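Please open the model in your viewer and keep the selection tool at hand, since this tour moves from one selection to the next.

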Amino acid sequence: MALGATFPLARVLLHPSTSLPGSSAGDIYKHVWPYWHSLAVFSQGTWPHTRFLSAPDGGVLLDVMLLPSILMAPVTLLAGPVLAANLWVWLSLLAIGLATYAMCLRFTGSYQGSLLAGLLAQTTPYILGHGLTSGVHERLVLWVFPMLILGLDSQRRGGRRLRSGLFVTLLVAFMAIHNPTFSMYAVLLCAGMLPVLLWPMTPARLPFMLRRLVPIYLSLAGTLLACFLIIRWFVTKPGYLAEINQERVATTIGISSPTLEVATLATVFDPWAVHQQQPKLLDDELYNLCYLGWIPLLVILSGAVMAWRRGHSRSLGILGLGTLFLAMSLGPMVQVGSSILENPFYLTVVNLVPFWGGLPAVWEFVSVFAILASIGVAEFMAGIAGGTRAWLVAGLILAGTLLERVVVLPVPLLLNAADAHVSDIYSHAVGEGNLADLPRMWRGTDLSPGPMFLAQTSHHHPIPATVNLRLTRWRDYQPLMSCVSDDWSLSVACFASRDFRWLVIHRDWFKDEESASACVQGLSDVLGAPVAVTEQEYLFDLSGVAPDPVGEDCP
């Protein structure tokens with residue numbers, strides 16, 4: 001499993017302190033930043049308020065990477081946030097493999113099959129695309145789902161129920177704070193696992209099993225409710241710095257917001273459609289991959305047949321529960337050929353459970369299917385005679401699946417290494433004051449340059465950005481967003497009046513060379529020569545600028 005976790009990250013191993021796995025246009029830099037930022041606000045005693053974002057106002061932030069940043073604090077203090085982030089990613093992939101292996105071994109008893117299932121789980125298209133290439137690291141907490149199943153099954157078996165109950169409760173609390181969306185998935189998982197755990201539901205056995213399971217379910221419900229109230233308290237505070245659709249935390253039943261991001265039959269099953277799939281460009285470059293792969297899918301289907309023949313009801317129950325997650329990922333309506341059909345699974349759940357109709361990224365349900373369905377791989381291998389033959393079959397399935405992912409997926413199996421160096425130009429920004437990186441819009445697109453967050457881990461000045469592109473007072477101010485101004489003297493006075501001391505201009509962030517030259521020239525005409533210059537950057541000092549007069553358009 002350690003090798004399986006290392007393989008996708010191999011290119012980063014060469015420079016683990018100065019490179020990151022994934023796309024530099026993705027969300028990776030904003031997921032490194034919390035390892036420094038959390039410790040900074042804790043040391044200042046201001047958490048959950050931060051002055052480092054949305055300058056000059058600051059605001060309140062409950063960062064999704066808060067708990068990992070606390071757990072990895074010793075690494076951050078010793079070796080920096082980049083190495084801490086890389087180590088957390090590796091540990092997450094290792095946990096996914098080990099948890100999937102343990103779940104499959106518990107229910108199938110197949111060592112080779114469980115090992116194969118764990119290795120395949122570490123490189124599912126969802127993980128390679130959204131979790132790693134796009135850098136959305138909180139999605140790597142998928143290891144909690146098989147661990148949750150193991151914990152619930154331990155309650156069913158009896159024995160050390162207090163220990164396993166506490167373990168499961170802590171798991172759910174961790175997930176709820178680290179990834180609130182996945183904690184909602186955990187609700188469905190726990191509900192779906194109840195009949196799996198109770199089977200066979202004979203009159204003599206049912207009361208006995210309920211006495212074992214009801215306490216842990218009550219504990220989980222109480223934990224999730226407490227975490228929800230904590231999160232709601234944060235996101236409803238004035239000045240909250242992350243974009244949260246309030247319908248996602250409203251106790252409504254039914255579809256309360258437009259369901260825009262769903263999986264389709266093509267993105268789940270069609271290799272050609274997946275190969276041509278383009279990333280979503282909104283703040284960051286996001287690869288929303290729902291593909292399952294035909295080789296593992298055929299193995300899973302074969303394993304389901306074998307489990308049915310052997311009477312492995314719990315394996316079948318977990319496979320059925322995973323299939324429910326797959327059906328949920330398709331959203332309320334499913335297009336089949338020229339027909340559009342209602343999805344009864346999705347509509348039933350959202351009309352029974354509060355909050356669910358406000359979840360926007362419905363396609364992500366497929367991530368849980370990819371993990372739970374791994375038990376079908378183990379069931380298939382359990383039907384293969386042991387010894388050399390079993391290892392050969394496992395090796396062929398692994399090689400075939402990895403080859404399919406190399407050929408089909410629009411992201412590499414061996415992840416690219418994004419540069420995590422911080423430019424030396426920030427070392428010249430000495431003294432108090434806010435700092436702005438210009439332009440805020442990357443090359444005229446809706447992408448936001450992530451390196452400004454990584455840079456803050458070095459220069460420590462407050463910046464006008466937030467984790468979402470348009471959540472500050474500056475969102476419509478073109479001198480900041482595009483580095484375009486009709487009167488740079490007024491624009492510079494505006495920045496100075498909001499306590500900005502430093503402006504860093506990045507030539508390679510502009511859509512063309514002409515726009516970059518116009519910005520640099522306009523600032524030079526007002527401020528004089530930059531105080532520092534590199535191949536791509538210019539640092540301007542506003543310390544001598546009078547803050548008045550300020551134009552009416554100054555935020």
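Select Met193 in this predicted model, and then add Ile149, Leu152, Tyr217, Ile318 and Leu321, with which Met193 is in contact once its neighbours within four places in sequence are left aside. Now widen the view to the largest nonpolar core, which has 143 residues, and in which Met193 and Phe325 touch the most other members. To see where the largest share of this core comes from, select helix α6, residues 81-108, which supplies 13 residues. Apart from this there is a second, separate core of 24 residues, and you can find it by selecting some of its members, including Ala55, Leu480, Ile505 and Cys554.

Next, go to helix α8, residues 125-133, and pick out Thr133. Is Thr133 buried or exposed? Thr133 has a relative accessible area of 6%, and because this is under 20% it counts as buried. If you display its side chain, you can follow the side chain of Thr133 to the backbone oxygen of Leu128, which it reaches at 2.7 Å. Around Thr133, leaving aside neighbours within four places in sequence, the residues in contact include Gly22, Ser23, Tyr287, Val411 and Leu415.

Finally, turn to the second largest pocket, which holds about 520 Å³ of space. Select Tyr29, Asp419, Pro451, Asp508 and Trp509, which are the closest to its centre of the 24 residues that line this pocket. Then colour the lining by residue type, and it will divide into 11 nonpolar, 8 polar and 5 charged residues. As a last selection, take helix α21, residues 451-459, which gives the most to this lining, with 3 residues.

Terms used: Residues are numbered from 1 along each chain as its sequence is written. This is a predicted model: local features need pLDDT of at least 70, side-chain atom pairs count only at pLDDT 80 or more; totals for chains, interfaces and linings use all residues. Side-chain values use heavy atoms; hydrogens and water are left out. On a 1 Å grid over the protein atoms alone, a cavity is a set of points where a 1.4 Å probe fits but cannot get out, and a pocket is an open set with protein on both sides within 12 Å along at least five of seven lines; lining residues have an atom within 4 Å of a point. Grid points are joined across faces, edges and corners, and a volume is the space filled by probe spheres set on the points. Helices (H or I, at least four residues) and strands (E, at least two) are DSSP runs, numbered from the N terminus. Ala, Val, Leu, Ile, Met, Phe, Trp, Tyr, Cys and Pro count as nonpolar, Asp, Glu, Lys and Arg as charged, and the others, Gly among them, as polar. A nonpolar core is a set of buried Ala, Val, Leu, Ile, Met, Phe, Trp, Tyr and Cys residues joined through side-chain atoms within 4.5 Å. Buried means under 20% relative accessible area, exposed over 50%, partly exposed in between (1.4 Å probe, protein chains only). Contact means heavy atoms within 4.5 Å. A polar contact is a pair of N or O atoms within 3.5 Å; within protein, one must be able to donate a hydrogen and the other to accept it, and residues adjacent in sequence count only if both atoms are side-chain atoms.
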